[in-house]
Amino acid sequence: MLKGSKSEDLSSSVRCLESRDMPAVFLRLQSAREQMALPYSSLIKLELKNDATAVELSYVTHRVMIAGRNLAEIYQAVAEAQARLVMVATTDFAGEFLMPAHRALVREIRIEPLDAEERRKR
């Protein structure tokens with residue numbers, strides 16, 4: 001691929017995951033409506049849908065739903081505690097098909113606090 005091509009510009013401008021090799025203490029979640037950091041120590045369950053369009057994180061106090069496409073990359077990074085930030089793609093673009101097939105694209109993050117009854121069940 002030529003440097004500076006449209007698909008390279010697109011894939012480099014749409015970053016939905018920041019990770020590092022060392023385990024992180026918190027996972028930061030960011031959307032247009034809210035930002036929250038939840039500790040990995042309270043993560044009790046992680047699920048990836050078979051079609052890699054949704055990841056569900058169950059914390060002691062919250063439930064987080066991440067929706068998009070190619071989310072296996074995010075699932076793997078969270079499972080290894082290497083994800084530092086997961087964020088919704090800031091641009092709604094028609095050319096998303098130009099993005100590399102392996103690159104995660106987050107369309108929505110929903111963070112729901114659990115009520116007292118749900119917390120007791122955990």
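Reader: Hi! In the hairpin of β4 and β5, which residue takes a positive phi?
Author: Ala52 does, with a phi near 60° in this predicted model. The hairpin has five residues between its strands.

Reader: Nice. And how do β4 and β5 pair up?
Author: They run antiparallel, and five bridges join β4, residues 43-48, to β5. One pair to look at is Leu48 in β4, whose bridge partner in β5 is Val55.

Reader: What does Val55 stand opposite in β6?
Author: Ile66. β5 and β6, the latter spanning residues 62-69, also pair in the antiparallel sense, over five bridges.

Reader: How many residues sit between β5 and β6?
Author: Two, and the strands form a hairpin.

Reader: How many residues of β5 are buried, then?
Author: Six of the six, residues 54-59, so the strand is largely enclosed by the rest of the structure.

Reader: Which of them point which way?
Author: Ala54, Glu56 and Ser58 point one way from β5, while Val55, Leu57 and Tyr59 point the other way. That fits a general pattern: side chains in a regular strand alternate between the two faces of the sheet. Glu56 and Ser58 are worth finding on screen, as both are among the buried residues.

Reader: Changing topic: what's the strand order in the open sheet?
Author: It goes β1-β7-β2-β3, four strands with mixed pairing. The edge strands are β1 (17-19) and β3 (35-39), each of which pairs on one side only.

Reader: What does the twist average there?
Author: The average is 15° from one strand to the next.

Reader: And how many bridges join β2 to β3?
Author: Five, with the two strands running antiparallel. β2 covers residues 26-30. If you want a pair to click on, take Arg28, whose bridge partner in β3 is Ala37.

Reader: Remind me, what holds strands together in a sheet generally?
Author: They pair through backbone hydrogen bonds, in either a parallel or an antiparallel way.

Reader: Good. Let's move to α2: which residues are buried?
Author: Ile74, Ala77 and Val78 are the buried ones in this helix, which runs over residues 72-79. Looking down the axis of α2, those buried residues fall within an arc of 95°, so they line one face of the helix.

Reader: What comes just after α2, in terms of a positive phi?
Author: Ala81, which takes a positive phi of about 60°. So you have two alanines to check for backbone angles: Ala52 in the hairpin of β4 and β5, and Ala81 just after α2.

Key: Residues numbered from 1 in each chain as written. Predicted model: local features only at pLDDT ≥ 70, side-chain atom pairs only at ≥ 80, totals over all residues. Heavy atoms only, no water. Buried < 20%, exposed > 50% of the residue type's maximum accessible area, 1.4 Å probe, protein only. Arc of directions from axis to C-beta. Pairing = 2+ DSSP bridges. Axes fitted to C-alpha atoms, helices over the stretch in contact; angles between N-to-C directions.
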